[in-house]
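Let's take a friendly walk through this model together. Have your viewer open and follow along.

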Amino acid sequence: MFVKVCGLSTPETVREAVDAGADAVGFVLTASPRVVSPSQASALLAEVPEQVLPIGVFRDEPVVDAVAIARAAGLEWIQLHGTRTPGDVATVHDAGMKLVRAVTLGATPEELADWGEDLLLIDAAVPGSGEAWDYASVAELPVLQGRSWLLAGGLNPENVGTASTAAHAWGVDVSSGVEVSRGVKDLAQVRAFVQAAKAESRV
C-alpha cells in the first residue's frame, strides 16, 4: 500500500511520517490552513530521504504558476486539484516534473480517464472536508482497472484499512484524518495511520 501524508508543515511531522514508513509527503502551496511558503517547503525537504516523494499541492492556480512555485520550492512532483485539462498534464511533464491529478467523487468518466498523469487521486466531493464517503463506489470502475491511484477523503487510522479494501485502492492519502485541529498534525495519529495502511496491505 502506497501511503501519502499531506499537509505537513513542521520538521517534526515530516520526520514522523517518514519514520513510520510513508511513501510520500505533501506540502500545501495554496490557500489553506496547512499552507507553507516555497521557502518553508524547501527547508522541510531536508527531512525527506531519497526514497520518499515530496509533493507540492495546488488547487486552482494556473498550471504554469504551480510549476514555477514548485520549482522555487525545489519540488519535482506536483498535485493539482480543480478543473484541469490534458494540456495541463502535458505542461507539467514538459517542465520535467511529475503529476498527481486529483479528481473528486462524482467525476465524469472523461475526468477519470488516463490523461498521462503519473498518479490519479480520487477525493471526497468536498476536498479537505474530512468527510467519509462511499469508498466501494469506485471499486469496480473499469477506467481504474490496472492503474495506480490514491484514495483520499475522510480517511483516518481507524477506517483506512476497510476503506482501501472496499475501494480496491492502490494507495491512500491523508491530511485532516491525522489532525488534532485544522492544520495541526498529531504525531501519534500520523504514525498510526501509516502503520494501519501498511498492515492492511499485508493481509
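Before we look at a pair of helices, one cut-off will help: axes that meet at angles under 35 degrees count as roughly parallel. Keep in mind, too, that this is a predicted model.

Now find helix H3, residues 63–73, and helix H4, residues 86–94. Their axes come within 10 Å of each other and cross at roughly 25 degrees. H3 and H4 are therefore roughly parallel to each other. As for handedness, the crossing of H3 past H4 is right-handed. Which residues bring the two helices into contact? On the H3 side they are Val63, Val64 and Val67, and these meet Asp88, Thr91 and Val92 of H4. Sorted by class, this contact holds four nonpolar residues, one polar and one charged.

Next, turn to the second largest pocket, which encloses about 240 Å³ of space. Its lining consists of 12 residues, and those nearest the centre are Gly82, Thr83, Ala102, Val103 and Glu111. Which element supplies the largest share of that lining? Strand S5, spanning residues 98–104, does, with four residues. The lining is mixed in character: five of its residues are nonpolar, four are polar and three are charged.

Finally, look for lysine 198, which sits in helix H7, residues 187–201. Leaving aside residues up to four places away in sequence, lysine 198 touches Met1, Val3, Gly21 and Asp23. For another spatial reference, take leucine 80: 118 residues separate leucine 80 and lysine 198 along the chain, and their C-alpha atoms are 25 Å apart.

Note on methods
Residues numbered from 1 in each chain as written. Predicted model: local features only at pLDDT ≥ 70, side-chain atom pairs only at ≥ 80, totals over all residues. Heavy atoms only, no water. 1 Å grid on protein atoms, 1.4 Å probe; cavity = no way out; pocket = protein on both sides within 12 Å on 5 of 7 lines; lining within 4 Å. Points joined across faces, edges and corners; volume = space filled by probe spheres on them. Nonpolar A, V, L, I, M, F, W, Y, C, P; charged D, E, K, R; others polar. Axes fitted to C-alpha atoms, helices over the stretch in contact; angles between N-to-C directions. Parallel < 35°, antiparallel > 145°, perpendicular 65-115°, else oblique. Left-handed = near helix turned anticlockwise from the far one by under 90°. Contact = heavy atoms within 4.5 Å.
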